[in-house]
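Open the model in your viewer, keep the sequence panel beside it, and follow the stops below in order. At each stop, make the selection, turn the view until you can see it clearly, and then read on.

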Amino acid sequence: MVDIRGVHKSFGPLEVLRGVDLQVRAGEVTVILGPSGSGKSTLLRSINHLERLNRGYVSIDGELIGYRRSGNKLHELKERDVLKQRTHIGFVFQNFNLFPHLTVVENVIEAPVSALGRTRRAALEQADVLLTRVGLADKADAYPRQLSGGQQQRVAIARALALEPKVLLFDEPTSALDPELVGEVLDVLKDLARTGTTMIVVTHEVGFAREVADTVVFMDDGLVVEAGRPSDVLDAPRHERTRAFLSKVL
């Protein structure tokens, strides 16, 4: 479903991604671990072309993201074409990014109506199903400021699901939450995993990775250091850098 090949990304002289290769099968959950500054979030933002690549490419379900191929060269797509591609890629940010002037249900229906052209009635029916799924049907008419952080993040997940994306990206979805609110968001992610949603999750929640992931990826210094089943990477890491990281977080 997701094919990342030779991805490089620099910000000025700082090389953040240094040739990342990663493949994610349809219906699988990939969890990316690593220290701050390892390139995890930049990689996630590169998948839906929020960051322009210096080299390499990303494809989702066989479609190049952000570029079209002409012979041996890649040419960047126009912004409207990139925006169309992003409707197939759900993105949940660590700081929720809800529209503060819209109610919960209006946040959820905004993209299906404006980007996909669905009728308001159809979008509202879908929103009711999704808000029930994340346990917030009773908050449909509330505004983000009236919700806890955990509730806001669950609304953000429902909003991402409303586009029926091929893949869901989560950028440290619990890092902005108080500890007692983390569980309610992780429970929603676990439910999504059980339904066969293709997910890539950047997180520090090692317990979640152990319980839910099909593949755990450890990144450091802009590279994938190792990747494999949770039991292999978390319990018997092959690389000293992975062992050193895990010794501090387990």
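Begin by selecting asparagine 97 in this predicted model, and colour the surface around it: asparagine 97 is partly exposed, with a relative accessible area of 41%. It sits in the loop between strand E8 (89-92) and H3. If your viewer can report backbone angles, ask it for phi, because most residues other than glycine have a negative phi. At asparagine 97, phi is near 60 degrees, which is a positive value in a residue other than glycine.

Stay in that loop and select asparagine 95, which also has its place between E8 and H3. Is asparagine 95 buried or partly exposed? With a relative accessible area of 49%, it is partly exposed, since buried would require a value under 20%. Now add aspartate 171 to the selection and draw a distance between the two C-alpha atoms: although asparagine 95 and aspartate 171 are 76 residues apart in sequence, they are 9.2 Å apart in space.

**Glutamine 153**

Next, select glutamine 153, whose place is in helix H5. Glutamine 153 is buried, with a relative accessible area of 0%, so hide the surface before you look for its side chain. Which backbone oxygen lies 2.9 Å from a polar atom of that side chain? The oxygen belongs to phenylalanine 93. When neighbours within four places in sequence are left aside, the residues in contact with glutamine 153 are Val92, Phe93, Gln94, Phe96, Pro173 and Val185.

**Helix H3 and its two partners**

Now show the helices as cartoons, bearing in mind that two packed helices are described by the angle between their axes and the distance between the axes. Select H3 together with helix H5 (residues 149-161), and you will find them packed at an angle of about 25 degrees, with their axes 8 Å apart. Because angles under 35 degrees count as roughly parallel, H3 is roughly parallel to H5. Their crossing is right-handed. To see where they meet, display Val104, Asn107 and Val108 in H3 and Val155, Ala158 and Arg159 in H5. The residues of this contact divide into four nonpolar, one polar and one charged.

Keep helix H3 (residues 104-114) on screen and bring in helix H4 (residues 120-133), where the axes come within 9 Å and cross at roughly 125 degrees. That angle makes H3 oblique to H4. As with the previous pair, look at the handedness: H3 passes H4 in a right-handed crossing. On the H3 side, the contact is made by Val104, Val105, Val108, Ile109, Pro112 and Val113, while H4 contributes Arg120, Ala123, Leu124, Gln126, Ala127, Leu130 and Leu131. Sorted by class, the contact of H3 with H4 has 11 nonpolar, one polar and one charged residues.

**Serine 38 and helix H1**

Move along the sequence to serine 38, in the loop between strand E3 (29-33) and helix H1 (40-47). Serine 38 is buried, with a relative accessible area of 1%. A polar atom of its side chain lies 2.8 Å from the backbone oxygen of proline 35. Leaving aside neighbours within four places in sequence, you can list Val16, Met219, Asp220, Asp221, Gly222 and Leu223 as being in contact with serine 38.

From there, select the whole of H1: six of its eight residues are buried, so H1 is largely enclosed by the rest of the structure. Those buried residues are Lys40, Thr42, Leu43, Leu44, Ser46 and Ile47. Just after H1 comes histidine 49, which takes a positive phi of about 65 degrees.

**Aspartate 61 and serine 70**

For another positive phi, select aspartate 61, where the angle is near 50 degrees in a residue other than glycine. Aspartate 61 is found in the loop between strand E4 (55-60) and strand E5 (63-64), and it is partly exposed, with a relative accessible area of 47%.

Finish at serine 70 in strand E6 (residues 67-70), which is partly exposed, with a relative accessible area of 36%. How many Å apart in space are serine 70 and lysine 190, C-alpha to C-alpha? Draw the line in your viewer: the two residues are 41 Å apart in space and 120 residues apart in sequence.

Note on methods:
Residues numbered from 1 in each chain as written. Predicted model: local features only at pLDDT ≥ 70, side-chain atom pairs only at ≥ 80, totals over all residues. Heavy atoms only, no water. Axes fitted to C-alpha atoms, helices over the stretch in contact; angles between N-to-C directions. Helix = DSSP H or I, 4+ residues; strand = E, 2+ residues; numbered from the N terminus. Parallel < 35°, antiparallel > 145°, perpendicular 65-115°, else oblique. Left-handed = near helix turned anticlockwise from the far one by under 90°. Contact = heavy atoms within 4.5 Å. Nonpolar A, V, L, I, M, F, W, Y, C, P; charged D, E, K, R; others polar. Buried < 20%, exposed > 50% of the residue type's maximum accessible area, 1.4 Å probe, protein only. Polar contact = N/O pair within 3.5 Å; in protein donor to acceptor, adjacent residues only side chain to side chain.
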